[in-house]
Amino acid sequence: MCRHLAYLGRPRTLASLVLEPPSSLLVQSYAPRRQRHGTVNADGWGVGWWAPDRPEPARWRAATPLWGSASFASVAPAVSSSCVLAAVRSATVGMPVDETAAAPFTDGTWLLSHNGRVDRAVLPPAPGAESVCDSAQLAAVVFARGATALGDVVVEVGTADPAARLNLLATDGTRLLATTWGDTLSVLATDEGTVLASEPYDDDPRWTDVPDRHLVTVTPDGTALEALQ
Ligand code: GLN
């Protein structure tokens, strides 16, 4: 399983979200605390974010471990955004390890990350997928349906492949959508903004765990949970 994180709120630096917390995604790339499948997340990483006055997100992805990117460590404290999605990757056996297989995936408007695995044979054809990687194929299916159908797609795919693990995280810069289906997810809501993360990045007592098989929607107005069935 990979680890992922999304943020919506007042502008924060990429470093404050991804690198600086005591159990940040950077630390989770070599020492995750709650990971059930795999031990390290060293097969790549990606960060997507929105810059002012640009409707489409910017992305920086790599197929190497996050801890090795001195360039990102240098730039991340200098870039702030009100909406960020980031992931570190532990590749599923048989999946390619290159930049195009690293989340977040995009259709130009949305960003999407997947913690888990899925049998690609149960997915409809996804001609626009960025990679043959299962997560990229699944992202293309979600984008084709419209990202707001995230919960419906997870239920359908999870029914077709009962062994699938389908923790998804998606954003269009104005809201966060997430599903729990087989792995952990936590929420931290503060006056500054809301973070969704595979696991808490610090020991703030305000983190709460999302139950399995739920859809989470975060907007500037708050966070809503809905059971998936
Ligand atoms: N199946 C995806 C991949 O190979 C995600 C893996 C994961 O969640 N560890 O990249």
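A residue counts as buried here if 20 or more other C-beta atoms, placed from the backbone, lie within 10 Å of its own.

**View 1. The whole chain and its core.** This is a predicted model, where local features need pLDDT of at least 70, side-chain atom pairs count only at pLDDT 80 or more, and totals for chains, interfaces and linings use all residues. Residue numbers run from 1 along each chain as its sequence is written. Of the 229 residues in the protein chain, 47% are buried. The C-alpha trace stretches over about 40 × 35 × 35 Å along its principal axes.

**View 2. Helices and strands.** The protein chain carries five helices and 13 strands (DSSP runs, H or I of at least four residues for helices and E of at least two for strands, numbered from the N terminus). Its radius of gyration is 16 Å, close to the 17 Å from the globule rule for 229 residues, so the chain is as compact as a globular protein of that length (taken over C-alpha atoms; the rule is 2.2 Å times the number of residues to the power 0.38).

**View 3. Around the ligand.** Sixteen residues surround the ligand, and Cys2, Ser90, Thr92, Met95 and Ser135 come nearest (near means a C-beta atom, placed from the backbone, within 6 Å). Strand S6 (111–117) and helix H4 (134–145) are the elements giving two or more residues to this shell. S6 supplies the largest share, four residues.

**View 4. The annotated span.** The unreviewed UniProt entry annotates residues 2–229 as "domain: Glutamine amidotransferase type-2"; such annotations may be inferred rather than shown by experiment. The end C-alpha atoms of residues 2–229 sit 24 Å apart, and the span is 17% helix and 32% strand.

Notes:
Buried ≥ 20, exposed ≤ 12 C-beta atoms within 10 Å, placed from the backbone.
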